[in-house]
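Here is a small set of exercises to work through with the model open beside you. Try each task before you read its solution.

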Amino acid sequence: MEFAMHSPPTVPACSDTGVDASESTDIKPSILLVEDEPTTRLMTSRQLTRAGYDVEVVSNGAEALAMLKKRFFPLLLTDWDMPEMDGVALCKAVRATPLEGYVYTILLTALEGKAHVIEGLAAGADDYLTKPPDDNELRARLNTGRRILKLEQSLRAANRQNHLLSITDALTATYNRRYLMERLPQEIGRACRYGQPLSVVLCDVDRFKHVNDTYGHQAGDCVLQAFAKLLMGSTRKDIDWVVRYGGEEFLIVMPETSTAAAVAFAEKMRVTIAAHAFKVTEGTLSVRSSFGVAGYHSVQAPEEVSVDSLIACADRCLYSSKEAGRNRVTGKALGLGGRTIVVDRSV
């Protein structure tokens, strides 16, 4: 029998799953001041400190650019006329350099005339102030910059969230097939480039249709969510990754993992899943699962491997596990003369 029903006190639907939430914080008011004249540098630094900013000071554009590459500053206040690299050249260099985020840049200048303002803005400056800057005006211009930076930060966070949603399965919070087809070729390329093994594990819930037919699709969704959570909780963080391949099927990609090690992992998961109480509205379910493992190592297998060939091998192994009675693990290493590893356990 592939699953059994138990009757503890009624629990809320899908109570096996949880959602982690995090909140973003405001940008810290840190600023990089670039000024070559010692007296002006000291006076402006004091102005910024009184305004509540964490101030770092350098004396020319070259030092500022080097500092920005080491530590990110969301705000940059720079003099125009400096040795080595002036403020205009610094603005151009900052805009051409990949940094952690946007740097709001204000040019300090003693020059007058619209032509100089246009030149500075065209170089990438966001605003300008005449020297010496008035306290109130300096604070107002910096507050404007911080508002713009906050909007930019919110936009970046929204874009990251949208990208995450586009590659995530809505039901199980695993990755989806779009992400699989983007990333697995990269993993294969890296494994071949560095001569490392790579394995994939394809698995599903045995007789899942009966769960849906008997207890309803909501119960089936709860089982899939808990099943995915078990898989994700057992993989190596930032190394392995889990994809909902389709329906009740999941694919685990395991870089730097031999076929034998992946089979051992699959067997451990098979035992864990069989022992787990899957909570649904009516009580708990016990389910069984089958696994197909495909491994590749460029050092041992001279022929090239592709996404299709790797997944097809895992699919054939999963089919073998099903044909042999389910609740089993079957694994195969590509390019090793058809050698197959089978972990056969009776129900």
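The exercises go from the whole chain to its cores and then to some backbone details.

**Before you start**

This is a predicted model, in which local features need pLDDT of at least 70 and side-chain atom pairs count only at pLDDT 80 or more, while totals for chains, interfaces and linings use all residues. Residues are numbered from 1 along each chain as its sequence is written, and side-chain values use heavy atoms, with hydrogens and water left out.

**Exercise 1. Describe the protein chain as a whole.**

Solution.
- Begin with secondary structure: the protein chain has ten helices and 14 strands. Both are DSSP runs numbered from the N terminus, helices being H or I with at least four residues and strands being E with at least two.
- Next, look at burial: 44% of the 347 residues count as buried. Buried means under 20% relative accessible area, exposed means over 50%, and partly exposed is in between (1.4 Å probe, protein chains only).
- Then take contacts, meaning heavy atoms within 4.5 Å. Among those between residues at least 6 apart in sequence, 69% join residues at least 24 apart.

**Exercise 2. Find the largest nonpolar core and say which elements build it.**

Solution.
- Start from the term: a nonpolar core is a set of buried Ala, Val, Leu, Ile, Met, Phe, Trp, Tyr and Cys residues joined through side-chain atoms within 4.5 Å.
- The largest such core holds 32 residues, and Val201 and Phe278 have the most contacts inside it.
- Elements that each supply at least two residues of this core include β7 (197–205), α7 (208–215), β9 (249–255) and α9 (259–275). The largest share, nine residues, comes from α8.
- A second, separate core has 24 residues, among them Tyr296, Val305, Leu318 and Leu334.

**Exercise 3. Locate the cis peptide bond from lysine 131 to proline 132.**

Solution.
- Check omega: it is near -10° for this bond.
- Now place it: proline 132 lies in the loop between β6 (127–130) and α5 (135–166).
- For background, most peptide bonds are trans.

**Exercise 4. Where do glutamate 256 and arginine 326 lie, and what are their phi values?**

Solution.
- Recall that most residues other than glycine have a negative phi.
- Glutamate 256, in the loop between β9 and α9, has a positive phi of about 55°. Its relative accessible area is 44%, so glutamate 256 counts as partly exposed.
- Arginine 326 has a positive phi near 70° and sits in the loop between α10 (307–323) and β13 (328–333). With a relative accessible area of 25%, arginine 326 is partly exposed.
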